[in-house]
Amino acid sequence: MQGQTTSVSFDGREIRLTTGRYAPQAGGSVLIECGDTSVLVTATKGQCREGTDFLPLSCDYEERLYAAGRIPGSFMRREGRPPERATLISRLIDRPLRPLFPSWMRDEIQVVATCLSLDERVPADVLAVTGSSMATLLAGIPFNGPMAAVRVGLLGDDFVLNPSFREIERGDLDLVVAGTPDGVVMVEAGSNQLSEQDVIEAIDFGYEAVNELIKSQESIIKESGLTQVKPENREVDVTIPAYLEKNCTKPISSLLKEFKLSKEERDLKLEEIKSTCAEKIDSLKDDNEVKKLISSNSKLLGTSFKALTKKLMRDQIIKEGKRVDGRSLDEVREISAEAGVLPKRVHGSGLFQRGLTQVLSTATLGTPSDAQEMDDLNPSQDKTYIHHYNFPPYSVGETRPMRTPGRREVGHGALAERSILPVLPPKESFPYVLRVVSEVLSSNGSTSMGSVCGSTIALLDAGVPLKAPVSGAAMGLIKEGNEVKILTDIQGIEDFLGDMDFKVAGTEKGITALQMDMKITGLPVKTIAEAINQAKPARVHILAKMIEAIDKPREALSPHAPRLLSFRIDPELIGTVIGPGGRTIKGITERTNTKIDIEDGGIVTIASHDGVAAEEAQKIIEGLTRKVHEGEVFTGAITRIIPIGAFVEILPGKEGMIHISQLSEARVEKVEDVVKVGDEVTVRVREIDNRGRINLTLRGIPQNGEMPYYPQPTPTPVAPLM
């Protein structure tokens, strides 16, 4: 079956979209390709479930290891639970797609992106995002698209569009921009402390390419003879909203101006206002339509009340420039920070609080063998810095079952991880594997940025020599018509009722990570630039509070943390250190009570709680891998004796043999006549044979400043004269 293929090229890279060929029973499908990377994306709409009062959209990114010519490493040899990277890409698809559906839609929608082939030069994630838009359009689902995404890298001074995996690793920027004809709808980035202006220019550069992909989708729809289904404005019953607006506007407005109220007090008073309105509605004897509407949809009152609260709070910010807690638009909540809050059994800890948001972060130092092995399509095989984020129900005063981490926890952990990565010390100077866990103890907005701040404090408390401390702030936005207000350090209610959640993390020098999500169909780059620039003074202010708690790494590691020594050997000599069947390295670890890891590149890392033992292991390995030359002189102990000679440890772990003929200038009957086990002797390397064996000699070598002792031969008896 032949399909229709459309291509778009920029910067010498071609993206191909094929429709009408694959997955004919899906609502809409597209195969999107670049290089040898192929991603099949489908979109299907189901029926609305009774009682649903939200958009049931699910986005799934499926990895198949056959895409990279690999067989899964699990016991079943089959893909199981999605790896973390697949979960992050699923979120990357969802975030720009979700705000483009109409607010009234309640039908189930499922978008599935499956990576069928992976070219290591072409990441699949941005292709999946663009493909999700095309598949949704082809499915005829009401949608404010098209939408597309591109990646922007920075190599030297040049921006690169859709860079390869290796270019991303070498560059100073990894930025994903998604947009619609109305503007930018999502930004996700990690950068090497780039300035605000550099990041803004990168977003603008990426959005230009996004527009080309949007035009291609519009062209496919037109050439297919299809008509894009634009969301219409549906009429809704306004009886309840109108009643609430008439009777609740004044008390809610007054409550929003009580700036000294705590979050708990404000929530309780809002609930009281809503309950009072519900009682009044129930008491209406003469309005049967209202009562009928309430009984048929018990959620309508709560939904309408939230909508009214949202409208009044937004009006207050737009018209008066005042937020619900009385702060000005660019003001940060009260901050406290503390390092070393837990005993040193925990290698490092930090407590960070901003307003009612409180995060406890811990840092653990591990050995190279603790690195996380990655069984996914990403070319990187392991992770040496890991951040885990936990969000228990008590953090928001709720109860619910404790399950495994969900997509939100995975996403927030990845953002905090990305924020810290650019400031970590190089592996050669600090070879530890690092794990940070952020426990959200209380949440009222921006817990991910709280995790960034807590992580920095914990790592410094653990003695990790960061290049610079990192802080983060969450920015918000309210847009009504042409009026736009940007909010610094948003709290929970502002996140829920606002139009943008924009998180920016970085050092005093520049940005290390940012993430922007929209609830509207797009923003111009100019507005995004204002938000990025407004975030800098907030980050610097927060950073100053953190530095008051701890301004540099602890000089001494926790006594319970492993001690690591790291050095490099010739990769060709790795086999010498390991020995036949691993006997040599096992012997070293048993002798010194250490843990030894050797990487393919020749980097050796020795872990031990005893520094002297680690140094002994290092000397043994250096001895094993040192090249010995003929004529060199060494002093060592006799380790063993055999009938034809004696073995001497000339270097830690490296032995040579003195043949019995080389023990003395005179003839030697037994080796034990000259040396015994434990004797210290000075020897010269006589030769290294073609099998690498070291042959030594004692001949002519002074021992302890004197010539060696040579036993005199027994004189031959002379026969008597006859």
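**Barrel**

I started with the barrel: five strands close it in the order β25-β26-β27-β29-β28. The pairing in this barrel is mixed. I then looked up the twist of the sheet, and neighbouring strands are turned by 55° against each other on average, direction ignored. I note here that the model I am reading is a predicted one.

**Strands β25, β26 and β27**

I took β25 and β26 next. Strand β25 covers residues 633-642. Five bridges join β25 to β26, and the two run antiparallel. They form a hairpin, with two residues between them. I looked for a bridge pair across the two strands and noted Ile 638, whose partner in β26 is Val 648.

I moved on to the other neighbour. Strand β26 spans residues 645-651, and strand β27 spans residues 654-659. Their pairing is antiparallel, over six bridges. Phe 647 faces Met 657 in β27. Val 648 stands opposite Gly 656 in β27. I therefore have Val 648 on record twice: Ile 638 is its bridge partner, and Gly 656 lies opposite it in β27.

The β26-β27 hairpin also has two residues between its strands. I checked the backbone there and found Gly 653 with a positive phi near 85°.

Is β26 enclosed or open to the outside? I found six of its seven residues buried, so the rest of the structure largely encloses β26. Buried here means under 20% relative accessible area.

**Helices α1 and α9**

I turned to a helix pair. Helix α1 holds residues 84-97, and helix α9 holds residues 407-420. At what angle do α1 and α9 pack? I read about 95°, with the axes 10 Å apart. That makes α1 roughly perpendicular to α9, because angles of 65 to 115 degrees count as such.

I listed the residues that meet. On the α1 side they are Glu 84, Thr 87, Leu 88, Ser 90 and Arg 91. On the α9 side they are Arg 407, Arg 408, Val 410, Gly 411, His 412 and Ala 414.

**Thr 584**

I picked Thr 584 for a single-residue look. Thr 584 sits in helix α14, which runs over residues 583-592. Its relative accessible area is 27%, so I entered Thr 584 as partly exposed. That class lies between the cut-offs of 20% for buried and 50% for exposed.

Which residues does Thr 584 touch, leaving out those up to four places away in sequence? I got Thr 576, Val 577, Ile 578, Gly 579 and Leu 624. I also looked up Ile 621. Thr 584 and Ile 621 are 37 residues apart in sequence, and their C-alpha atoms are 9.8 Å apart in space.

**Whole protein**

I closed with the totals. The protein has 15 helices and 29 strands. The C-alpha atoms fill a box of roughly 155 × 65 × 45 Å along the principal axes. I compared the radius of gyration with the globule rule: a compact globule of 722 residues would have one near 27 Å, but this protein has 35 Å.

Of the 722 residues, 51% count as buried. The exposed surface comes to about 34,700 Å², and carbon and sulfur atoms supply 49% of it. I looked at contacts with a separation of 6 or more, and residues 24 or more positions apart account for 69% of them.

Note on methods:
Residues numbered from 1 in each chain as written. Predicted model: local features only at pLDDT ≥ 70, side-chain atom pairs only at ≥ 80, totals over all residues. Heavy atoms only, no water. Pairing = 2+ DSSP bridges. Helix = DSSP H or I, 4+ residues; strand = E, 2+ residues; numbered from the N terminus. Axes fitted to C-alpha atoms, helices over the stretch in contact; angles between N-to-C directions. Rg over C-alpha atoms; globule rule 2.2 N^0.38 Å. Buried < 20%, exposed > 50% of the residue type's maximum accessible area, 1.4 Å probe, protein only. Contact = heavy atoms within 4.5 Å. Areas by Shrake-Rupley, 256 points an atom, 1.4 Å probe, with all protein chains shown as cover. Parallel < 35°, antiparallel > 145°, perpendicular 65-115°, else oblique.
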